[in-house]
Structures are given as structure tokens and as C-alpha cells.
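Q: I've got a model open and I'd like to learn how to read it. Can we go through it feature by feature?

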Amino acid sequence: SYKIYEDNDLIAVLDINPASLGHVLVIPKMHLKYSYEFSSKIFEISNLIVKRIKEVLGYDTNIFIANGLNAGQKVEHLVINIIPRYPEDNINLVWQPKPTSEKELNELTNKLKFEIKKQEFKKLEERQPRKIVRLP
């Protein structure tokens, strides 16, 4: 593999069949299927890689996560794809907007909205430390 980062929890490698040159896969070592099953560390490391791509290659990126087979997950394991975007790279991550009624939007809002109580938020903060990890 073409490893660019590794610690006890994660490994980040260059994709051998990339969407574009520099396509990185960030993979937890523990078997997890969904992004919400891992701590925020995976996003902190992914963002450090995004920053490194911008600094070294000078390109913008897309971060792609497929949570489940219907979302395009190829294997039942969490993978974060970081894809450098070059001018005229012909990568298409665009979808056709679907008209939605105000009634549907209101119903969905009522089903999905939630609040985090202070004590729950405190538990989240305790579980996910804010320590920033620097890439070599």
C-alpha cells in the first residue's frame, strides 16, 4: 500500500484505482460500517489530509463517505474518500435537484429535528477529545 498516515486507530493510503491523482482512503482499523460509529478523530485526520493536499498539490478536494450499500458503499466498512479536484478532471458528483413540496419539507423537518441537552452535550465532549493531531 501507499501509506501516507497511520496510528493505532486509522490508516490513510493512496487509492490504487483513484478518481483523480492523490485520491486518499482514510480507513479505521476497527471494523465499522457507518461514520457515526467512529469518533470525530476520523474527521480531524481527514481534514488534516485535505489541508496537506491543498498545501502540497494546491488543489481543492471533495470528501465522500458512503454510509451503507444504498449510498454506494462498496464493502461493509467505513472508508472516507478524499478526492483532489483538478481543472477539467471530469469527475461528476452532481445530482439533479428534485422538487419537494413545503408540506413534505415540514413533515420531514418534524421527523428529523432533535436537540442535545446540556448533559448529553457534555458527555459528547468528554467522549471525543478536542486534541488536534498533526501529520508528519
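Q: Let's start with the surface: is Ile16 buried or exposed?
A: Keep in mind that this is a predicted model. The cut-off for exposed is over 50% relative accessible area. Ile16 has 66%, so Ile16 is exposed. You'll find Ile16 in the loop between β2 (10-14) and β3.

Q: Which residues make up the nonpolar surface patch?
A: Ile16 is one of them, along with Tyr2, Ile4 and Leu14, and the patch covers about 430 Å².

Q: What about strands, and how enclosed is β5?
A: A handy idea first: in a regular strand the side chains alternate between the two faces of the sheet. Now take β5 (residues 80-85): five of its six residues are buried, so the strand is largely enclosed by the rest of the structure.

Q: Which strands pair with β5?
A: Strand β3 (residues 24-28) pairs with β5 in the antiparallel sense over three bridges, and Val24 has Ile82 as its bridge partner there. Strand β4 (residues 60-65) is also antiparallel to β5, over six bridges. In that pairing, look for Asp60 opposite Arg85.

Q: Does Asp60 do anything with its side chain, or, put better, which residue does Asp60 meet in a salt bridge?
A: That's Lys54, at 2.8 Å from N to O. Lys54 is partly exposed, with a relative accessible area of 41%.

Q: How many salt bridges are there in the whole structure?
A: A search finds eight. Among them is Lys41 with Asp9, at 2.7 Å from N to O. Lys41 is in helix α1 and Asp9 in the loop between β1 (3-6) and β2, so the pair ties together parts 32 residues apart in sequence. Lys33 and Glu76 form another, with their closest N and O atoms 3.4 Å apart. This pair links the β3-α1 loop to the β4-β5 loop, 43 residues apart. There's also a network of salt bridges linking Lys3, Glu6 and Lys29.

Q: How do I read aromatic pairs, and how many are there?
A: In general, you describe a pair of aromatic rings by the distance of the centres and the angle of the planes. Here the count is two. Tyr34 and Tyr36 are stacked, 5.2 Å centre to centre with 5° between the planes. The rings of Tyr59 and Tyr86 have centres 4.2 Å apart and planes at 55°, so that pair is tilted. Tyr59 sits in the α1-β4 loop and Tyr86 in the β5-α2 loop, so the pair ties together parts 27 residues apart in sequence.

Technical notes
Residues numbered from 1 in each chain as written. Predicted model: local features only at pLDDT ≥ 70, side-chain atom pairs only at ≥ 80, totals over all residues. Heavy atoms only, no water. Buried < 20%, exposed > 50% of the residue type's maximum accessible area, 1.4 Å probe, protein only. Helix = DSSP H or I, 4+ residues; strand = E, 2+ residues; numbered from the N terminus. Pairing = 2+ DSSP bridges. Patch = residues over 30% accessible without salt bridge, like charges linked within 9 Å, V, L, I, M, F, W, Y side chains within 5 Å. Areas by Shrake-Rupley, 256 points an atom, 1.4 Å probe, with all protein chains shown as cover. Salt bridge = Lys/Arg side-chain N within 4 Å of Asp/Glu carboxyl O. Phe/Tyr/Trp six-rings, centres within 6.5 Å; stacked < 30°, edge-to-face > 60°.
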